[in-house]
Amino acid sequence: MKIALAQINTTIGDFRGNAARIEERLRWAEGEGVDLVLFPELTVCGYPPRDLLEKPSFVQRNLEAVEAIAAKTRHTAVVVGFVSLNESAEGQGLFNSAAILRDGRVQFVQHKTLLPEYDVFDEARYFEPAKEHGVYDFDGVTIGLTMCEDIWSRHEFAGRRLYRIDPVSLVVEAGADIVLNLSASPFTIGKQAIRRELITGEAKNLSRPILYCNQVGGNDELVFDGRSIVVDAKGQIVREGAAFAEESFIVDTDQLNPAANLLDLPEEEEIRQALVLGLRDYMRKCGFDRVVIGLSGGIDSAVVAAIATEAIGPDKVLGVLMPSPYSSESSVTDAQALAKNLGIITCTEPIGDIYETYRQQLAFDPNTVTLAEENIQARIRGNILMAISNREGALVLSTGNKSEISVGYCTLYGDMAGGLALISDIPKTMVFALARHLNRKHEVIPQAILTKPPSAELRPDQQDTDSLPPYEILDPIIRAYVEERQSVAAIIAMGFEAALVERITGMIDRNEYKRRQSAPGLKITSKAFGPGRRCPIAHYY
């Protein structure tokens, strides 16, 4: 049996565009003599649709699209994900479903069983889990359908198995010769290794080939990396799809030969590709074609500008230099050197006069620089960027990293202003590593930016270490507390100074109110700030 896997980039709610992608891949598959084309989870409506599922018109258009696609099928079958109705008067009103479309109609439907309710997922909010698990006879080959989380039943999350049943085992018990999995699994660092282990282990355990087709593309803060996987009945990987790109490929289930080697991307390269794809899709799907970035001469804005240039081209990137009385001459020249390397346009908007007007209006002491005055400078810059955004119709990219955002070393309505926080889930030490990676072939980030001590330059001779420990110490504490959910006592036991751990974790907790008002950011790590981390602002814990 010849099966094609089509990892495509869908847009939430773009029923016409998604259907066109599906139908184009169907025509291709027919020309190649393919028996069946497998697509990702919720192909028809896009993933994750979230509260759009509460709109009856959204669900209805999704159902109409399935029927329209089915009407265009002949011998070559299509397996798509869609939202179906729960006709029962009990439970949630919808199912997350997969359908086999063939010979002009819907032939078979299977609902998703395991509905994730952790991190960024909230599927039980909308969907009812499957109670039955059937199979479909495709010309003598029995096919079982599963969806994304259904294949994660054996995985341990923080040392615990979340699920008591294994849907893959259930479809095999129902008679499946081959298991197909429609997936929308978001990228995080190291995720592909986990997927490989899960899918190969399941295939080997059940002695069945598993074909796993994963979505690709960016939808809001989530980036989907594709990398679909085909595994034979011995648990050996036969083929993997491209990383961070649409791809369709064909396998013959009668000739599943193990792959000679697999492509493993370095961590920095994974992050680079995820950011490029996430930014490009965020802009395309939200209707932006240009970006505005405040260039400070620092590492964060340099990396953001370099990623933006790669994602949309240098002619679509505007760098704005906004020197203050405390900006060093090298910060301006470093920003100019970066712009030259990237080939982007810049403009200069000094903030000194505006800043002095604020100080005089508010009667600040002219001989000192307080925290309030530091924040005024950041907010002046934020206002300038947003004004340019309004004038040009361009998206402002904020440049704060995860280290700063974690502890609140950032200014509301100032450097936090923007439409997308591109590197908000990347710690400062990783920003430096990413910058060095961007320079691997030729200099993109000027060497002076890579070597100078980080500084906000909001008062004379300021450095980040005036307010924070070195990032080499700060970042492991943040990772342990936020991503690994370690207790204060456990982090201290790792060898960190007790007073420092208590101070840093307290800063993380106290600054939830800032993060709640920040721009959405692309998820890169296992635990990003945003919808995947839901902490109260007001609490005494």
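Is Glu128 buried or exposed? At 16% relative accessibility, Glu128 falls on the buried side, because the cut-off for buried is under 20%. Keep in mind that this is a predicted model.

**View 1. Glu128 pairs up with Lys131 in a salt bridge.** The closest N and O atoms of Glu128 and Lys131 sit 3.0 Å apart. While Glu128 is buried, Lys131 counts as exposed, with a relative accessibility of 62%.

**View 2. Lys112 and Glu41 join distant parts of the chain.** Here the two side chains meet in a salt bridge, at 2.7 Å from N to O. Lys112 belongs to the loop between β5 (105-111) and β6 (136-138), and Glu41 to the loop between β2 (36-38) and α2 (56-71). That puts the partners 71 residues apart. Lys112 is buried at 1% relative accessibility, and Glu41 is buried too, with a relative accessible area of 0%.

**View 3. Glu512 and Arg515 form a salt bridge within helix α16.** The helix covers residues 512-516, and the two partners lie three residues apart in it, or about one turn. Their closest N and O atoms are 3.0 Å from each other. Glu512 has a relative accessible area of 6%, so Glu512 is buried; Arg515, at 8%, is buried as well.

**View 4. Arg195, Asp225, Arg227 and Glu270 make up a salt-bridge network.** Rather than a lone pair, this close-up takes in four linked residues: Arg195 and Arg227, along with Asp225 and Glu270. For the wider picture, the structure holds 43 salt bridges.

Conventions: Residues numbered from 1 in each chain as written. Predicted model: local features only at pLDDT ≥ 70, side-chain atom pairs only at ≥ 80, totals over all residues. Heavy atoms only, no water. Helix = DSSP H or I, 4+ residues; strand = E, 2+ residues; numbered from the N terminus. Buried < 20%, exposed > 50% of the residue type's maximum accessible area, 1.4 Å probe, protein only.
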